[in-house]
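Open your viewer and get ready to click. This tour tells you what to select next and what you will find there.

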Amino acid sequence: MLEDILVPLGICVALPVLIVWLIGRVRQNEVNRKAEIMLKAIEAGAEINPDLLQRAKKPKSLKERLLTRLTAGIVCTLIGITILVAGLVTPLQEGFDGSRMLLTFLVDIPGMIFISGGIGLFVYYFAGKKMLAKELGEE
C-alpha cells in the first residue's frame with residue numbers, strides 16, 4: 001500500500017527536483033570557478049574580459065536544429081503511444097466497466113497531446129528540410 005504511493009511520488013516529484021537541483025549546482029560551480037579566476041586576475045592586475053562569465057554557446061547549424069526537431073518528434077510520439085497503450089490495456093486487464101470510461105479517457109489525454117506534439121515536430125522537420133534544401137546542401 002505504501003509502495004503504491006511512494007514510488008510514483010518519488011518518480012514524479014523527487015526525481016525532477018533532484019535533476020533541477022543538480023543542474024543548478026553544476027552551473028553555480030562553473031560560475032564560481034570563473035569568478036575565482038577573475039578575482040585572481042584582478043589581484044594580479046591583469047586585463048579582464050567581461051564576457052568570461054557568460055556561457056560560451058556554440059551556435060547550432062541548421063542541420064543540427066532540424067535533427068533535434070526530428071529526435072524530439074520521435075521521442076514525443078513514442079511517449080504518447082506508450083501512454084495510450086498503457087491507458088487502454090490497464091482497464092482491460094482489471095475488467096473494464098462503464099464507471100472507468102471517464103478515467104480511461106482522462107489517462108489517454110496526455111498520450112494524445114504527446115502524439116500530436118510529435119506529429120507537429122515531424123511536420124516541422126520535413127517541411128524545414130524541404131524548404132531549406134538549398135541551405136542544407138551548402139553546409
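How many salt bridges does the count come to? Keep that in mind while you take in the whole chain. The model is predicted.

**Stop 1: the whole chain**

Show the chain as a cartoon. You will see four helices and zero strands. Follow the sequence and the pattern reads α-α-α-α. Now switch on the surface. The chain exposes about 11,200 Å². Carbon and sulfur atoms supply 70% of that area. Buried residues make up 13% of the 139 residues. Contacts also tell a story here. Among contacts with a separation of 6 or more, 68% are between residues 24 or more positions apart.

**Stop 2: the salt bridges**

Back to the opening question. The count comes to two salt bridges. Side chains of opposite charge can pair when their charged atoms come close.

Select Lys34 and Glu30. Their side chains meet in a salt bridge, with 3.6 Å from N to O. Both residues sit in helix 1, which covers residues 2–44. They are four residues apart, so about one helical turn separates them. Is Lys34 buried or exposed? Lys34 counts as buried, because its relative accessibility is 19% and the cut-off for buried is under 20%.

Next, select Lys40 and Glu36. This pair also forms a salt bridge, and the closest N and O atoms are 3.9 Å apart. Lys40 and Glu36 are in helix 1 too, four residues apart, so again about one helical turn lies between them. Colour the two by accessibility. Lys40 counts as exposed, at 54% relative accessibility. Glu36 is partly exposed, with a relative accessible area of 46%.

**Stop 3: a nonpolar patch**

Select Val7, Ile11, Leu15, Leu18, Ile19, Trp21, Leu22, Ile23 and Val26. Together they make a nonpolar surface patch of about 870 Å². Zoom in on Leu18, one of its members. Leu18 lies in helix 1. With a relative accessible area of 48%, Leu18 is partly exposed.

**Stop 4: a positive patch**

Now select Arg27, Lys57, Lys60, Arg65 and Arg69. These residues form a positive surface patch. Click on Arg65. Arg65 belongs to helix 2, which runs over residues 62–94. How accessible is Arg65? Its relative accessibility is 45%, so Arg65 counts as partly exposed.

**Stop 5: along helix 2**

Stay in helix 2 and select Val75. Val75 is partly exposed, with a relative accessible area of 43%. Add Ile115 to the selection. Val75 and Ile115 are 40 residues apart in sequence. Draw a line from C-alpha to C-alpha, and the distance in space is 9.4 Å.

Move on to Thr77, also placed in helix 2. Is Thr77 buried or exposed? Thr77 is buried, because its relative accessible area is 14% and buried means under 20%. Which residues does Thr77 contact, leaving aside neighbours within four places in sequence? Select Phe114, Ile115, Gly118, Ile119 and Phe122 to see them. Ile115 appears in this list, and Ile115 was also the partner in the distance from Val75.

**Last look**

Zoom out and show the whole chain again. Find the four helices once more. Then pick out the two salt bridges, the nonpolar patch with Leu18 and the positive patch with Arg65. Finish on Thr77, buried at 14%.

Conventions:
Residues are numbered from 1 along each chain as its sequence is written. This is a predicted model: local features need pLDDT of at least 70, side-chain atom pairs count only at pLDDT 80 or more; totals for chains, interfaces and linings use all residues. Side-chain values use heavy atoms; hydrogens and water are left out. Patches are made of residues with over 30% relative accessible area and no salt bridge: like charges are joined within 9 Å, nonpolar side chains (Val, Leu, Ile, Met, Phe, Trp, Tyr) within 5 Å. Accessible areas come from the Shrake-Rupley method with a 1.4 Å probe; for residues, only the protein chains shown count as cover. A salt bridge is a side-chain nitrogen of Lys or Arg within 4 Å of a carboxyl oxygen of Asp or Glu. Lys and Arg count as positive and Asp and Glu as negative; His and the chain ends are not counted. The place of a charge is taken as NZ of Lys, CZ of Arg, CG of Asp or CD of Glu. Helices (H or I, at least four residues) and strands (E, at least two) are DSSP runs, numbered from the N terminus. Buried means under 20% relative accessible area, exposed over 50%, partly exposed in between (1.4 Å probe, protein chains only). Contact means heavy atoms within 4.5 Å.
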